[in-house]
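Q: Please take a close look at the largest pocket of this structure: how much space lies in it, and which residues line it?

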Amino acid sequence: MNKYSFILSFLLFFVFSACSKPSYRKIKDGIVVNIEQASPDAGKQIRLQVISGKIIRVTVIPDNKFDENQSLSVALPDSGEKNWMVIEKEDRIELKTDEIIAIVSVQTGEIMFTDLQGNVILKENEGGGRSFTPVTIDRTKLYSFRQVFESPDDEAFYGLGQHQSDEFNYKGKNEILYQYNTKVSVPFIVSDKNYGILWDNYSLTKFGDPRDYAQLDQFNLYNKKREKGGLSAVYTANDGLTIERNEKNIDYENNETIRNFPEGFKFYNSSIVWEGFIEPQESGIFRFILYYAGYTKIFLDDQPVVAERWRTSWNPNSYKFNIDLKKGSKHKLKLEWKPDGGVSYIGLKALSPVNPKEQGKLSFWSEAGKQID
C-alpha cells in the first residue's frame, strides 16, 4: 500500500481545506470530526492536524479507519504545534492557531480557512467539494477522489513542477501530473492570495478538469471535399507513394495505436496531412492537446493555431491550445506532419466545454488512494 497510502490528504501552507461535521474529538495534534450526514462519496471523517501556526494537514477518509502509513512526500515533525485551540459555536467548529482559523460548518460540513481577522483565505466548493469513487486497479479495490475549492476570478496559481506546454499561471488550466522525460510533476500549488496546497498523493493526478481528453469523433467530421464521416488523411512517402483515406481520429500515440497507420507505409522523409472540417455539437471553449514527434503544424480556418513544433520520436511532447467554437459551425482544420524517423507518434484530442466558473476553480483529482477494506 505504499503507492496509494494517503487519501485526500493534503498540507495547506497558510491554509488548507476539506470538509466535516460534528461531533468531534481531540487528538494530540488536532481534531477528528465525524461527518454526521455524510453521503456515500463525500467521506465519513476528517482529521485536521496542526503542523505549525501556518500549516494544517487535512485528511478525509470514506470509511472509519485512517491509514497510518508514513507519507512518502511529507516528513512530519515528532511533535506538532502546541499553541492551538478549539472553539465551539452554534453553527460551526473553529480550530484556531496563532496565525489562521479552520472553520467547519455544522450544517454542511464544508470547511474554510481565514486569517485571524476573518478574511477568507481558502474555501471548499460550495455545495460539496469532495467525492470518492470506488475503482479497481490491478485487481485491488481502491478509491479515486477529487477535491474542489472556490477561487476568485483574479486569482493566479503557480507551481506543479516542470511541464511541456509553455504555461506559467495555471488558473483555468488543466495539467496531468506524472513523471516523464522533460516533465517533472510536483503536486504543490501556490496562490497569489498567499497560501499553498500540497496534494499528498502519489498516483496519477489531474489538476483542473479531471476528464480524459476525447477523440476528434466528438465533432461532426468532414473530409476536404466536405463529405461527412472523417477527415482526409493523405500519406506521401519519399518514393512518391501516396495513400489517401478518411480517418475519424488522429490517435497514434503509442506502440499499440501506431499499428493503425497504413500497413507498409515508410515514414522516413515522408509527410502526412489531415485536412477537412470539424463541426462542434455544442458551443464554448474546446481545449485541445497535441501529442507529437517530428515536425508539426496546425491551422484552423487557414490561420495557424500551432506554429511549427519539433520533437524527437523517442521522446514525444505535448502542447495545448484552446479554441472558442460555435455549435453547428464548420471550421476548416489542417494538421501537417513530418515524422521523425522510421517510427513516430502523433495525436490530437480535445475536451468539450465546461462552465468557465467551474473551470476556474482549484481542483485536484487522483486515480487512486485508500484501499477499500
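A: What follows describes the pocket and its lining, and then turns to two loop residues.

The model is a predicted one, and in it about 420 Å³ of space lies in the largest pocket. Its lining is made up of 18 residues, and those that lie nearest the centre of the pocket are Ile-176, Tyr-178, Tyr-213, Ile-289 and Ser-318. Two or more residues of this lining are given by each of strand S14 (175-177), strand S23 (284-292) and strand S26 (317-325). In terms of residue class, the lining of the largest pocket divides into nine charged, five nonpolar and four polar residues.

The two loop residues are taken up here for their backbone angles. Asn-269, which is not a glycine, nevertheless has a positive phi of about 55°, and its place is in the loop between strand S21 (250-252) and strand S22 (271-279). Asn-269 has a relative accessible area of 64%, and because the cut-off for an exposed residue is over 50%, Asn-269 counts as exposed. Asp-302, also a residue other than glycine, has a positive phi near 65°, and is placed in the loop between strand S24 (294-300) and strand S25 (303-311). With a relative accessibility of 52%, Asp-302 is likewise counted as exposed, since that value lies over the 50% cut-off.

Definitions and conventions:
Residues are numbered from 1 along each chain as its sequence is written. This is a predicted model: local features need pLDDT of at least 70, side-chain atom pairs count only at pLDDT 80 or more; totals for chains, interfaces and linings use all residues. Side-chain values use heavy atoms; hydrogens and water are left out. Helices (H or I, at least four residues) and strands (E, at least two) are DSSP runs, numbered from the N terminus. Buried means under 20% relative accessible area, exposed over 50%, partly exposed in between (1.4 Å probe, protein chains only). On a 1 Å grid over the protein atoms alone, a cavity is a set of points where a 1.4 Å probe fits but cannot get out, and a pocket is an open set with protein on both sides within 12 Å along at least five of seven lines; lining residues have an atom within 4 Å of a point. Grid points are joined across faces, edges and corners, and a volume is the space filled by probe spheres set on the points. Ala, Val, Leu, Ile, Met, Phe, Trp, Tyr, Cys and Pro count as nonpolar, Asp, Glu, Lys and Arg as charged, and the others, Gly among them, as polar.
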